[in-house]
Amino acid sequence: MKEPNRISPREITPAATYFNRRTFLQTGILAASAVATGLVYRRLNHPAAGKVTTAKIEGLTSVATNGNEGFRVVGEAQTSLENITHYNNFYEFSTDKEEVAAKAANFETKGWQISVEGLVRKPRIFSLADFLKISPPEERIYRMRCVEAWSMVIPWAGFPLSRLLEAVEPTSDAKYVAFETLFDPKRMPGQRSGVLDWPYVEGLRLDEAMHPLTLLASGLYGRALPPQDGAPVRLVVPWKYGFKGIKSIVKIKLVAEQPPTTWNLAGPNEYGFYANVNPQVDHPRWSQATEQRIGESGRRPTLMFNGYEEQVGHLYAGMDLRVNF
Ligand SMILES: Nc1nc2c(c(=O)[nH]1)N[C@H]1C(S)=C(S)[C@@H](COP(=O)(O)O)O[C@H]1N2
Ligand SMILES: [Mo]
């Protein structure tokens, strides 16, 4: 996703280019020249990022054994850990999806705190250890769809955001939830540029935030989130385009009015507040009818609400989804 006015529009190409280049490299076609060898080395070894070595998550319960069938992606392969951790959108570190892992590698999250505030009876500052007391982490395998028409299947570790919101007791005036990413240009070099307005902000309607599919995730593939995927805690809303999944959250505020969101501010005609995955409503500059599953060739049809229509369709009954895109 590139901001419309300040970066040249070439949205769809990156996913296809990435996939083709990697196929190319893996089959060794490029490996003949010295220049190409250097490229192969860099691309396949990710020297600055290395392997994912974050801590294993203890006590992770699997939804498959919970009988929570709605949370399983049946018949679709999980995206490789390599692809999930080296094809990222995280403008605080880089606008180049393949550069984020290296740029974020040394991001320090020790002592992280998340303030939950606003229209609640019990505002509170939480540590990650406090989250463990609210809910044990669960594994949820979700289909994820980026607004740029690529997708992944990711085994998240997290817990329903509803449990955190219940703990702070929203008042009856609370209608929306606003989220904020850390603002610290020393630790997030991308924030020294004006590519987006910082800090990155996102929002959900309260009923969307309370839906059991909506997660606060702190891990993937059974390990703590690597920095590039939003360490130490991020939002996951699988029926919405990826940009709703705000990373490295420091503030969650219950509010009465619909809050501003970063991509809507950057391009109001292109990125709406709702951002529900919808193959029938195209982005002004490209079709949303199909998607490229990262790691696979060809394209597959995009599903209404990303395949979660049965679980979330009722939230939007009677709304015109072309107006509320
Ligand atoms: N703070 C912050 N959160 C963010 C972004 C970002 O640039 N900054 N990019 C969003 C977009 S567009 C997508 S598709 C997902 C990508 O998450 P992933 O890299 O873990 O796949 O993160 C979202 N969350
Ligand atoms: Mo995205």
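Two residues are in contact when heavy atoms of theirs lie within 4.5 Å. In the predicted model, this criterion places valine 52 against Leu81, Thr85, Arg223 and Pro226, when residues up to four places away in sequence are not counted. Valine 52 itself is part of the loop between helix H2 (34-45) and strand E1 (61-62). One of its partners is remote in sequence: arginine 223 is 171 residues away along the chain, yet the C-alpha atoms of valine 52 and arginine 223 are separated by 8.5 Å. Valine 52 has a relative accessible area of 16% and is classed as buried, because the limit for that class is under 20%.

The protein chain as a whole has 325 residues, of which 52% are buried. Its secondary structure consists of ten helices and 13 strands. Among the contacts in the chain with a separation of 6 or more, 73% are between residues 24 or more positions apart. The exposed surface of the protein chain amounts to about 14,300 Å², and 54% of this area is supplied by carbon and sulfur atoms.

Ligand 1 occupies the space that forms the largest cavity. It is surrounded by 16 residues, and the closest of these are Glu92, Asp229, Arg234, Gly245 and Lys247. Polar atoms of the protein approach the ligand at several places. From the backbone, an N or O atom of asparagine 89 lies 3.1 Å from a nitrogen atom of ligand 1, and a polar atom of tyrosine 91 is 2.8 Å from an oxygen atom of ligand 1. From a side chain, an N or O atom of lysine 247 is 2.7 Å from an oxygen atom of ligand 1. On its own, ligand 1 has an accessible area of 540 Å², and the protein covers 97% of it.

Asparagine 276 is located in the loop between helix H9 (262-266) and strand E12 (290-293). With a relative accessibility of 7%, asparagine 276 is buried. Neighbours within four places in sequence left aside, asparagine 276 is in contact with Trp239, Lys240, Tyr241, Phe305 and Tyr316. With tyrosine 316 there is a polar contact from side chain to side chain, at 3.5 Å.

Phenylalanine 305, one of the residues in contact with asparagine 276, belongs to the loop between strand E13 (300-301) and helix H10 (309-312). Its relative accessibility is 3%, so phenylalanine 305 counts as buried. The phi angle of phenylalanine 305 is near 50°, a positive value in a residue that is not glycine. A positive phi is also found at serine 248, another residue other than glycine, where the angle is near 45°. Serine 248 lies in the loop between strand E10 (234-236) and strand E11 (249-255). At 0% relative accessibility, serine 248 is buried.

Cis peptide bonds occur in the chain before two prolines. One joins tryptophan 198 to proline 199, with omega at about -5°. Proline 199 sits in the loop between strand E6 (176-181) and strand E7 (201-205). Another joins alanine 231 to proline 232, again with omega at about -5°. Proline 232 is in the loop between strand E9 (223-224) and strand E10 (234-236).

Terms used
Residues are numbered from 1 along each chain as its sequence is written. Chains are lettered from A and ligands numbered from 1 in the order in which they are written. This is a predicted model: local features need pLDDT of at least 70, side-chain atom pairs count only at pLDDT 80 or more; totals for chains, interfaces and linings use all residues. Side-chain values use heavy atoms; hydrogens and water are left out. Helices (H or I, at least four residues) and strands (E, at least two) are DSSP runs, numbered from the N terminus. Buried means under 20% relative accessible area, exposed over 50%, partly exposed in between (1.4 Å probe, protein chains only). Accessible areas come from the Shrake-Rupley method with a 1.4 Å probe; for residues, only the protein chains shown count as cover. A residue is near a molecule or strand if one of its heavy atoms lies within 4 Å of it. A polar contact is a pair of N or O atoms within 3.5 Å; within protein, one must be able to donate a hydrogen and the other to accept it, and residues adjacent in sequence count only if both atoms are side-chain atoms. On a 1 Å grid over the protein atoms alone, a cavity is a set of points where a 1.4 Å probe fits but cannot get out, and a pocket is an open set with protein on both sides within 12 Å along at least five of seven lines; lining residues have an atom within 4 Å of a point. A molecule sits in a cavity or pocket if more than half of its atoms lie within 2 Å of its grid points.
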